[in-house]
Amino acid sequence: MPPSFQPIPLPPSADPAHFVDFGREVADVNPGNLSQEDFKQIEEALYKYDVLLFRNAQLTPEELYTLVKAFDPQSTHYAHGNKQLDGTKKNILYGYVHALPHTPQVQIIGNGIVRNHEGIDEIQLKHGRHPEFHKTRISEEDEANGFTRFFRWHMDAALYRLEPPRVTALYGLKVPKGPMQTVRYDDGSGDELQVTLGTTAFVSGKTMFNILPNNLKNLVVRAKAKYPPHPFQWVRDAKAVSTGLGMESDGLEVPLDDLPAWEEKEVKIYPFVWKNPVTGELHLMVHPCLVMEVHVDPVPLGCVKEGALYPDGACLKDLEDIRKLLYQIQRPGIDPKAITNQLVYPHPWEENDLVLFNNRGLLHSVVGVFTKDQVRLFHQCNLAGSDAPIGPSKEDIETWCSG
Ligand SMILES: [Fe+2]
């Protein structure tokens with residue numbers, strides 16, 4: 001039987017009109033053992049719908065690695081490299097991910113103490129909590145009452161030396177249950193979002209692009225983000241804004257000379273907009289916390305400069321300016337407001353859910369707060385890409401710069 005694809009069930013907080021092409025539940029296949037024909041269908045669906053959910057999946061870590069590798073057969077190691085996270089504690093990812101000893105491309109993430117798991121006697125897992133990363137925090141009392149925040153919006157990527165993975169797999173092995181929690185945006189908007197405990201929140205980069213006004217579309221198709229060397233060390237002392245969608249600008253970034261040795265040729269500059277390899281559509285894909293410079297190309301010859309931002313091109317280096325601009329561009333894409341924009345898909349995890357997502361097509365965030373004794377155990381797999389993401393074509397740029 002070929003795999004079947006049904007629209008993913010949406011929570012009441014997501015407007016179906018914005019999720020027509022987002023998310024499919026896949027049935028009638030074993031994701032741990034796919035035929036070539038079934039894989040082809042799943043690969044195409046992944047790029048069309050960005051999120052694929054398999055319920056009641058049973059996969060070994062080796063099968064999970066094999067599945068993820070099939071999307072990029074030349075990829076071989078974890079998105080942040082085989083020498084995990086530079087072997088240093090001076091990195092904001094340190095402590096949240098742990099490689100499996102026998103399959104180091106698969107990481108364990110979660111919360112609480114896990115014992116006797118895949119050759120590991122005992123491990124303490126740490127779920128990303130906003131007070132460890134945000135400049136301000138929800139009071140402990142409110143947090144205990146189920147208020148929380150998005151931890152950090154991102155795509156999975158080292159953004160230095162290694163290319164972003166095409167696909168990430170998240171596989172929920174232990175999923176603690178609890179009352180619903182409320183995400184507060186705390187950015188003056190009053191916005192809130194009801195989510196299940198420990199949800200992973202997703203927003204579509206395609207929607208984030210499509211809802212932009214034309215003058216910002218005109219800008220983002222011409223813009224590129226330059227990331228610093230060792231980006232996750234660069235921001236190790238800096239703090240995030242309350243939505244997890246960017247950093248505060250308090251001058252706390254580590255000077256480039258104080259970072260571990262680096263080479264200019266390994267520094268990454270990516271277009272703001274990445275072209276979907278199957279649909280050809282444009283996805284706005286900028287890591288909101290890690291951009292160091294923004295380079296803007298001039299409006300192409302023959303296109304209208306009037307009304308365009310930076311019509312003659314620009315190189316923005318002021319972090320405060322960059323972050324203001326990025327927030328203006330990206331904040332509409334995480335809007336939870338009813339009627340106008342209910343754009344966030346918070347996945348309600350069940351045990352043995354396998355979610356595959358198009359890591360070059362959406363942003364996601366860890367959410368929620370667990371108590372110490374709520375044990376959550378996930379396997380995560382993503383592999384540094386064998387190629388760089390594709391930017392907009394000349395025709396795309398001309399289309400969006402034509403007024
Ligand atoms: Fe992630």
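Visitor: In this predicted model, which residues of helix 7 are buried?

Guide: The buried residues of helix 7 are I322, L325, L326, I329 and Q330, and a residue earns that word if 20 or more other C-beta atoms lie within 10 Å of its own.

Visitor: What puts these buried residues on the same side of helix 7?

Guide: The arc that they cover around the axis is only 120 degrees, which is why they are placed on the same side of helix 7. On the other side of this helix stand E320, D321 and Q328, which are exposed, a word kept for residues with 12 or fewer such neighbours.

Visitor: What do the buried residues of helix 7 pack against?

Guide: They pack against two helices and two strands, namely helix 4 (205-210), helix 5 (214-220), strand 16 (293-296) and strand 17 (314-316), where a contact requires C-beta atoms within 7 Å.

Visitor: How does the reach of helix 7 compare with what is expected at 1.5 Å a residue?

Guide: Helix 7, which takes in residues 319-330 and so has 12 residues by the definition of a run, reaches 16 Å from its first C-alpha to its last, close to the expected 16 Å.

Visitor: Why is the chain called as compact as a globular protein of its length?

Guide: The chain, whose secondary structure comes to eight helices and 21 strands, has a radius of gyration of 20 Å, and because this is close to the 22 Å that the globule rule gives for 403 residues, the chain is as compact as a globular protein of that length. Buried residues make up 46% of those 403 residues.

Visitor: What makes strand 18 and strand 20 edge strands?

Guide: They belong to an open sheet of three strands in the order 18-11-20, with antiparallel pairing. Strand 18 (345-347) and strand 20 (362-366) each have a single partner strand, so one side of each is left without a neighbour in the sheet. From one strand to the next, the twist averages 25 degrees.

Visitor: How do you know that strand 11 and strand 18 pair?

Guide: A pair needs at least two bridges, and strand 11 (residues 200-204) is joined to strand 18 over three bridges in the antiparallel sense. In this pairing, A201 stands opposite P346 in strand 18.

Visitor: Why is the pairing of strand 7 with strand 9 counted, and in which sense do they run, parallel or antiparallel?

Guide: Two bridges join strand 7 to strand 9 (residues 181-184), and the two strands run parallel, so the requirement of at least two bridges is met. T148 stands opposite V183 in strand 9.

Technical notes: Residues are numbered from 1 along each chain as its sequence is written. This is a predicted model: local features need pLDDT of at least 70, side-chain atom pairs count only at pLDDT 80 or more; totals for chains, interfaces and linings use all residues. Helices (H or I, at least four residues) and strands (E, at least two) are DSSP runs, numbered from the N terminus. The expected span of a helix is 1.5 Å times one less than its number of residues. The arc is that of the directions from the helix axis to the C-beta atoms. The radius of gyration is taken over C-alpha atoms; the globule rule is 2.2 Å times the number of residues to the power 0.38. Axes are lines fitted to C-alpha atoms, for helices over the stretch in contact, and angles run from 0 to 180 degrees between N-to-C directions.
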